[in-house]
Amino acid sequence: MNRIAAVPALLGTGLVLGLIVLYPPLALAGQALFPLGDFSQLTSRETLKALTNSLITASGVFLFSSVTGTLLAWLRVRTDIRGKKLLDACVLLAFIIPPYILGISWLQLFGSGGYMNRVIDILVPGTDYRFPYYSIGAAVLVLGLHLYPLSYFAVKNTLLQLDPELETASIQCGASRRRTFLSITLPGILPALLSTGLLVFSRALANFSVPALLCLPVRRELLTTRIYASLGSLNTRTAALLSFCLVLISTLLYALQVYISASFSRGVSKGPGKQQSRSMQPLGRFREATSTAAVLFLMLTVVLPLGAMLVSSFMKRWGLPLERQYITLHNYLHLLTGEKTRRAFLNSLSYGAGAGSLALVIGGSTAFLSHTRRSGAGRVLEAVASWPMAFPNIVLAVGAILAWNRAPLSLYGTPWCIIATYAALFTPLVLKQISALLENQDPRLVQAARTSGAGSARCFFSVTLPTILPGIESGLLVCMLISLREIPIALMLYSAGQETTGVLLFGMQSQSYGLEMTSALAVTVIVLIFAGNMFITGIKRRRINARTPDTRSQ
C-alpha cells in the first residue's frame, strides 16, 4: 500500500477503533475516577468480601487447572498410556462446553434430588449427606473443569517441543525419572504453565455466570456478581469503580502473560518430534490402572454431566423417576415452535453475524495495515484492537451502558448496543487469526503481482484476500458461536424482544420453565457449538490440503 492511500486507511481504522473499542472504557474510567477522592465504595465490607471470594475462587481454579492439566499432558506425551486420541477429544469437549451449562449439569448431578444423590440414597438408604452444590468450592470445581484444558494443551505442546535428548541424557547419567522431571522437564514447561495459569486465573476472576449460578443462592458475592448487583440497584458509581479495578487487574495479568509467552517462545529448546518416543516412560504394570483412572476422570467430568443433561432434557419434569411414562419430546418441540426461543436463536445468530462482520472489518483492516505498514501507527492500532482481550465481558457491558446511554450516540436499549459491544469482544480474536495468516503469506506472491504491474487494490483482491479468506470464514463462524453462549453482555444490554440464547439460559431456571427446559436448550446450544467447531476444523483442514501440492512441488 502506498503512503498516500495508507493515511486515510489508518485514520478511518483508528476512528472506528476509537469509537467501538476505546470510547466505552473511557466512559467507564470517567464515571469511576470522577469526582476524585471519593473511593469509599472500594473499602466497604461488602466489596472487600467480594474481592476476597474472587481471589479465593481464581486461585483455586488456577491450582486445579495447573495440576490436572499438567498431569494429563505429561501422561499423554511422556508415557505409553492408552487412549491418547480419546483423551485429546474429551479434554477439548470439556473446553467447548460453556461454563454456565457445566454449572447446570453440576446442579443436576449433585443438587437436591440430583442423580448422584439418588444413587447414594439407593446404595446407602437413609443417609442425610448432600453435596455442597451451592458454594465457592462448587464454582472452583466447575470453572476448573472448564479451564484445565488450557493448561493441558499448553503443557502438551510444550512437551512436544522440548528437546527429549536432555531427558535421555539425564536418565543415562543415572538420574531417576523423578529427578529428571524436577530438574529437566518441569523447568522446561514452567514458563508455558505460568503463562497459561495467568490466563486461567484472569478468566476465572472475570467469570460471571458460574458465580451467579452457584454462589449467589448462598449469598456469596464475587466482584462480577457485585458489579451486576450494583447496576441492578442503579448504583452506577460502585459498578464503574469495581469494573475499573477489575480492568486494571485483568490488564496487568494479560501483560504478564504476553511477556512470559514471548520470553518462552524465544528460549525454548526444540527437538524433532520423531525423537519423542526415546524419552517416553513405559508405565509397565501400572499402565492399565493409569489408563482406567484417566478414562474414569474423563467420564466423570465430561460424559456424565452431558449424559445427565441429555436425560433431563427428555423428562416431563426434572426430579421425576427415570421411567418411560415421564419421558417426552415436548421440551424440544417447544424450543422449535416457541416464539420466544426461536427469536432468541435468531437474535443470537444475527447479532453474532453483524458484530462478526464489523469485527472482521476492524480487525482485518488493523491486521493488514500493521502487516504492510511496519510503523508506530500500525503497532498502536494493533495494541488498541488487542486491548479487549484483557477485558472481562461484564466490564465491556458496563462500559457500553455508560457510553451508549447518552448523546450523541444513544444506542442503549437497541440491538446496535449489543452488536457494538460484541464487535469489541470479537475484534482481538479476528485480528489474531488474520494476522497469523498474513504472517504466513509468501511475500514473493505480492512481489510477483507488483512486478506484473498490478496496483495495490489488484494485489489485495488477487493475492491477499484469497490468503485470508479461510480466516474470514472461520472467524465469522466463531463470532456466531460465541454469541450463542455469551451471557453477561447480552443479559445487561438487552431490552424486550432482544433476548438471546444466553439470556434465555440464564433466566429459564429462575422462571417457571425448570431444569428440564433449561437442559433441552443447553443440549441444543452444545450441539450447535460442536457442529460449528467441526465445520471450522473442516475449513482449516481444507486450507492445509490446498497448500499440500505447492509444498510438494517445491
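This is a short walk through the structure, one selection at a time. Keep in mind that you are looking at a predicted model.

**Stop 1: the main core**

Start by selecting Ile101, Trp106, Leu214, Tyr422, Leu493 and Leu521. These residues have the most contacts inside the largest nonpolar core, which has 135 residues. Now add helix H17, residues 415-439: with 14 residues, H17 gives this core its largest share. Apart from this core lies another one, of 5 residues, and you can find it by picking Leu75, Ile81, Leu283 and Ala294, which are among its members.

**Stop 2: Leu214 and the residue after it**

Zoom in on Leu214. Setting aside neighbours within four places in sequence, its contacts include Gly103, Trp106 and Leu107. Tyr133, Tyr134, Ser135, Ala138, Ala139 and Val142 are also in contact with Leu214.

Next, select Cys215, in the loop between helix H9 (209-214) and helix H10 (223-232). Is Cys215 buried or exposed? Its relative accessible area is 0%, so Cys215 counts as buried. Leaving out neighbours within four places in sequence, show Ser135, Ile136, Ala139, Val210, Arg220 and Leu222 to see what Cys215 touches. For a distance check, draw a line from the C-alpha of Cys215 to that of Gly514: the two are 19 Å apart in space and 299 residues apart in sequence.

**Stop 3: H17 and its partner H14**

Go back to H17 and bring up helix H14, residues 339-372. The axes of H14 and H17 are 6 Å apart, and the two helices pack at an angle of about 40°. H14 is therefore oblique to H17. Their crossing is right-handed. If you colour the contact of H14 with H17 by residue class, you should find 18 nonpolar, 9 polar and 1 charged residues.

While you are in H17, pick Thr421, which is found in this helix. Thr421 has a relative accessible area of 4%, so it is buried. Which residues does Thr421 touch, not counting those up to four places away in sequence? Select Leu396, Ala397, Ala400, Ile489 and Leu493 to see them. Leu493 has come up before, among the residues with the most contacts inside the largest nonpolar core.

**Stop 4: the loop before H17**

Move to Arg406, in the loop between helix H16 (393-404) and H17. With a relative accessibility of 41%, Arg406 counts as partly exposed. Add Thr57 to the view: the C-alpha atoms of Arg406 and Thr57 are separated by 36 Å, and the two residues are 349 residues apart along the chain.

**Stop 5: H2 against H3**

Now show helix H2 (residues 45-78) together with helix H3 (residues 84-96). Their axes come within 10 Å and cross at roughly 150°. Because of that angle, H2 is roughly antiparallel to H3. This crossing is left-handed. To see where the helices meet, select Leu72, Leu75 and Arg76 in H2 along with Lys84, Leu87 and Asp88 in H3. By class, this contact of H2 with H3 has 3 nonpolar, no polar and 3 charged residues. Leu75 is one of the residues of the 5-residue core from the opening stop.

**Stop 6: a covered helix**

Finish with helix H21, residues 501-508. How many of its 8 residues are buried? The count is 8 of 8, and H21 is described as mostly covered. Click along Thr501, Gly502, Val503, Leu504, Leu505, Phe506, Gly507 and Met508 to visit these buried residues in turn.

Note on methods:
Residues numbered from 1 in each chain as written. Predicted model: local features only at pLDDT ≥ 70, side-chain atom pairs only at ≥ 80, totals over all residues. Heavy atoms only, no water. Core = buried A, V, L, I, M, F, W, Y, C linked by side-chain atoms within 4.5 Å. Buried < 20%, exposed > 50% of the residue type's maximum accessible area, 1.4 Å probe, protein only. Helix = DSSP H or I, 4+ residues; strand = E, 2+ residues; numbered from the N terminus. Contact = heavy atoms within 4.5 Å. Axes fitted to C-alpha atoms, helices over the stretch in contact; angles between N-to-C directions. Parallel < 35°, antiparallel > 145°, perpendicular 65-115°, else oblique. Left-handed = near helix turned anticlockwise from the far one by under 90°. Nonpolar A, V, L, I, M, F, W, Y, C, P; charged D, E, K, R; others polar.
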